[in-house]
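Trainee: Please take a close look at one part of this model with me, namely the charged side chains and the way they pair. I would like one connected account rather than a list.

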Amino acid sequence: MEDLDKELQAEAEAFDKRISERLTQGFIPDLRRVRKNEYFYKSFWRDPHFINLYLGKQIEVFLEILHKNCGTELRILDIGCGAGYMSLELARNGYHVTAVDISEESIYIANKMLEENQYNDKFGSLEYKVMAFEDYDQLDDKEFDVIHFSVALHHMTDVEGVVQICYDMLPNGGHIFVHEPCHERFVNKDAAQVVLIRGILALTGHWYEPNAFDDMLQSETKLNIEVNDTRVEYLLERDKNEPDGQSPNDLEASGIEMLEALRKKFSEIEYRKSTSFIYRLLGGIRGDEETIHKLADLLAIYDRMAVNNGYINENFFYFLGKK
């Protein structure tokens with residue numbers, strides 16, 4: 001238990017540091033109030049238009065899947081909520097959400113965003129708590145209709161154990177709903193499409209590194225190295241010159257491991273492919289606003305079309321399971 005506490009503390013400190021740094025740079029973790037922010041040099045958080053194409057689409061899918069299979073005005077436990085922007089949107093759509101995270105700084109700013117919320121039409125309810133999921137017995141209300149993970153389950157060191165806890169907590173007919181990475185599916189043929197897109201953007205002056213591909217124009221070998229580097233970038237969720245991930249337990253579980261644990265305990269109601277590459281591409285586009293927004297629109301719709309038709313592999317997935 002002491003080792004687990006140390007692991008969780010290190011994880012919490014990493015997320016405390018991350019959100020604190022972003023806040024000092026003007027970050028607003030509210031999808032309806034976020035502003036342009038050049039601090040995010042290659043992230044979709046750079047522009048509200050990019051955020052809507054990526055996270056806005058996720059919220060749209062969340063609501064569609066929940067409404068179709070689970071219902072409305074349900075009690076949702078949101079695990080690893082971070083700064084709370086997904087929890088807030090669920091509550092704004094009528095759900096009664098309890099959201100927990102181990103990062104005190106994240107919960108602090110989440111509560112601040114909740115206090116400042118002005119979108120109260122159809123608002124359900126929302127409560128944030130600083131706690132580890134393993135301490136779920138500390139919750140005042142332990143009865144939920146849905147347990148939700150949005151890019152949080154892959155941080156768990158014991159995925160099977162966490163899924164078992166979810167199963168035990170839920171009533172018969174309750175659901176577990178996740179949106180998680182499956183980066184192992186993103187291979188070199190997928191990375192090659194990203195390299196081509198980035199290369200064209202760079203050569204036409206629409207990429208944040210305008211000369212990034214100049215030395216590859218006459219060398220197939222160098223271009224192939226870039227493809228492999230890009231695959232690794234997406235696998236690890238960081239550039240090759242970044243020494244660390246976002247936290248000590250980042251990418252602790254693969255998509256294969258998460259799906260195996262989920263399918264072992266829950267009846268699969270829906271599996272849906274999510275996006276492939278746009279989350280590490282949209283923020284790198286440069287140019288005048290009209291042009292970059294058109295480029296972003298094209299890339300976002302291409303990403304969805306290519307994934308849905310099997311032209312490129314998904315990097316994330318949605319899973320809904322029922323007890």
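**Charged side chains and their partners**

Mentor: Let us start with Glu-143, which has a relative accessibility of 53% and therefore counts as exposed, since that class begins over 50%. Everything I say here rests on a predicted model, so the values are computed from its atoms. The side chain of Glu-143 meets that of Arg-75 in a salt bridge, with 3.4 Å from N to O. This pair joins distant parts of the chain, for Arg-75 belongs to strand 1 (residues 75–79), whereas Glu-143 sits in the loop between strand 3 and strand 4 (146–150), and the two are 68 residues apart. Unlike its exposed partner, Arg-75 is partly exposed, at a relative accessible area of 30%.

In general, side chains of opposite charge can pair when their charged atoms come close. The structure as a whole holds 25 salt bridges, and another one worth following is that between Arg-33 and Glu-116, whose closest N and O atoms are 2.9 Å apart. Here too the pair links distant parts of the chain, with Arg-33 in the loop between helix 1 and helix 2 (48–69), Glu-116 in the loop between helix 4 and strand 3 (125–130), and their positions 83 residues apart. Both partners are partly exposed, Arg-33 with a relative accessibility of 28% and Glu-116 with a relative accessible area of 28%.

A further bridge is made by the side chains of Arg-263 and Glu-268, at 2.6 Å from N to O. Arg-263 is partly exposed at 42%, and so is Glu-268 at 38%. Turning to salt bridges that share partners, these join Asp-30, Arg-32, Arg-33, Glu-89, Arg-92, Lys-112 and Glu-116 into one network, so the bridge between Arg-33 and Glu-116 should be read in that setting.

Some acidic side chains remain outside such pairs. Glu-7, Glu-252, Glu-257 and Glu-260 form a negative surface patch, and residues of a patch have no salt bridge and over 30% relative accessible area. Glu-7, which lies in helix 1 (residues 2–24), meets that area requirement because its relative accessible area is 36%, a value that places Glu-7 among the partly exposed residues.

For contrast, consider Ser-106 in helix 4 (residues 104–115), which is buried because its relative accessible area of 4% falls under 20%. Beyond its neighbours within four places in sequence, Ser-106 is in contact with Phe-15, Asp-16, Ile-19, Gly-82 and Ala-83.

Terms used:
Residues numbered from 1 in each chain as written. Predicted model: local features only at pLDDT ≥ 70, side-chain atom pairs only at ≥ 80, totals over all residues. Heavy atoms only, no water. Patch = residues over 30% accessible without salt bridge, like charges linked within 9 Å, V, L, I, M, F, W, Y side chains within 5 Å. Areas by Shrake-Rupley, 256 points an atom, 1.4 Å probe, with all protein chains shown as cover. Salt bridge = Lys/Arg side-chain N within 4 Å of Asp/Glu carboxyl O. Lys, Arg positive; Asp, Glu negative; His and termini not counted. Charge placed at Lys NZ, Arg CZ, Asp CG, Glu CD. Helix = DSSP H or I, 4+ residues; strand = E, 2+ residues; numbered from the N terminus. Buried < 20%, exposed > 50% of the residue type's maximum accessible area, 1.4 Å probe, protein only. Contact = heavy atoms within 4.5 Å.
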